[in-house]
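Welcome, and take a moment to settle in before we start. Please look over the sequence and the structure shown here, and then we will walk through them together.

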Amino acid sequence: MIPLEEARTFVLSGCEVGPTELVPVDDALDLVTSEPIAATGPIPPFDNTAMDGFAVRAADVEHAPTTLRMVGTVAAGARPDVEVASGEAVRIMTGAPLPPGADAVVMVELTSLSDDGSTVEISTPVPVGNHVRPTGDDLQPGQVVFEPGTTLSAAHLGVCTSIGVYDVPVHARPRVGVISTGDELVDSPAPLEIGQIRDSNRHTLLALVRSMGATGVDLGVIADDEDQIRSALLDAAARCDAVVTSGGVSMGDFDYVKKVLTEIGDMRWMQVAIKPAKPLAFGTVGGTPIFGLPGNPVSSMVSFELFARPGIRKMMGHRQPVEPPIPGVARAELRRRPDGKTHFARVTAVPDTDGRYGASFSGGQGSHQLSAMANGNALAIIPDGDGVNPGEPVDLILL
Ligand code: AMP
Ligand code: MG
């Protein structure tokens, strides 16, 4: 067995940072910037009002209540065609440019317009700059808004368009093919024959790929047949930027993924000192990384989290491929037996009053018991030994 870190270092060395390109902003969610993105002009681009109300000179309302003469209206989107002189006010709507001469806005709730609209009574004094959003208050011209390596969220995309960046420099979204292997697998609601089970891995793995912002490519179920696995892997490596398979990497007589990868790729088969997900086949075929994950449903998900996610993150341009675990605390006994491996237990992690996550088993810990993964929300990293007692610290990977 080799330590997790050694296996992961090997995997990451086989994954290259993806090419850079300009991607339309609406297609850029979850991608990672490849260049600094800077504001060309100030945001807001002009002094404007944060409130519906009246643009005034603060000095004129110092002794409010006071009455001002109405000289015009400025709507959002309009260019102000009036100037506010001493003793005057202009009706103004949220987002509209502050007219020249005005230095404050009184919100409409603190005013009363005369019946004929010729004057307005201001009920309270306001300071200079009241409800005014000054030019450049959010972003200054030339300011780097996002450094390279920024993961684009919804808000990032909004900022990009606000500064006129409609094509965003990013690392390309990788296409990740997902293959299930196994003669026992079916993909149908029909009653199962003896020996059959339904393929769950392909659906969970495709969902994991997509949830991290890569493109999932469904490459179906392949039988435990050497020739079929060879052609499926060659085809997948040619069509995709990375390939994730499940099954066929253990010690069984029909575990052909391991065998075929050795033959067609630059592959290393590893026994990693972890539970679940001890066997891992990782290699490249024509430069395309292939993650040969074990078949048990929990194992394949854990293996994805520990190896495929960091590899794909690196390809996507994330500066930190391995996200650090977060410190938590055991809420209940997290028992295990010593076996020379680090265990990744399925747990429910709930924020405690002290701000740390408190973890307890979310169900059965068998590597076939996927429901405990679904019912939990984290993996607890339990070092070799007898386990963790209630109240003791434990590191967590939130899922
Ligand atoms: P293997 O790694 O191929 O030896 O498979 C280990 C276990 O995982 C066996 O019980 C398989 O039936 C099961 N298994 C393999 N692939 C899948 C899959 N795609 N969905 C659900 N179970 C699977
Ligand atoms: Mg199998």
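Helices (H or I, at least four residues) and strands (E, at least two) are DSSP runs, numbered from the N terminus. This is a predicted model, in which local features need pLDDT of at least 70 and side-chain atom pairs count only at pLDDT 80 or more, while totals for chains, interfaces and linings use all residues. Residues are numbered from 1 along each chain as its sequence is written, chains are lettered from A and ligands numbered from 1 in the order in which they are written, and side-chain values use heavy atoms, with hydrogens and water left out.

Let us begin with the whole chain. The protein chain holds seven helices and 28 strands. Its radius of gyration is 30 Å, well over the 21 Å that the globule rule gives for 399 residues, so the chain is more spread out than a compact globule. That radius is taken over C-alpha atoms, and the rule is 2.2 Å times the number of residues to the power 0.38. Along its principal axes, the C-alpha trace spans about 95 × 50 × 45 Å.

How much of the protein chain counts as buried? The share is 47% of the 399 residues, where buried means under 20% relative accessible area, exposed over 50%, and partly exposed in between (1.4 Å probe, protein chains only). Contacts (heavy atoms within 4.5 Å) often bridge long stretches of sequence: of those with a separation of 6 or more, 70% join residues 24 or more positions apart.

Now step inside. A nonpolar core is a set of buried Ala, Val, Leu, Ile, Met, Phe, Trp, Tyr and Cys residues joined through side-chain atoms within 4.5 Å. The largest one has 54 residues, and V168, F291, F304 and F307 touch the most other members. Helix α6 (residues 297-316) gives this core its largest share, ten residues. A second, separate core of 20 residues includes L233, V249, V260 and V285.

F291 is a good place to pause. Beyond its neighbours within four places in sequence, F291 is in contact with residues including V11, C15, T245, F307 and G311. One of these partners, T245, sits in strand β17 (residues 242-246). T245 is buried, with a relative accessible area of 1%. Leaving out residues up to four places away in sequence, T245 touches I179, L233, V257, I290, F291, G292 and L293.

Strand β17 also meets helix α3 (residues 201-211), whose buried residues pack against β13 (175-181), β16 (215-222), β17, β21 (288-293), α6 and α7 (370-375). Which residues of helix α3 are buried? They are N201, R202, T204, L205, L206, L208 and V209. After α3 comes G213, with a positive phi near 95 degrees.

Two more residues make a nice contrast. A104 lies in strand β7 (residues 104-107) and counts as buried at 0% relative accessibility. Although A104 and G129 are 25 residues apart in sequence, their C-alpha atoms are 4.7 Å apart in space. Besides G129, the contacts of A104 further than four places away in sequence include F54, V56, L98 and V132.

G364, in turn, is found in the loop between β25 (357-361) and α7. G364 is partly exposed, with a relative accessible area of 34%. Not counting its neighbours within four places in sequence, G364 is in contact with Q369 and A372. From G364 to A345, 19 residues away in sequence, the C-alpha to C-alpha distance is 9.5 Å.
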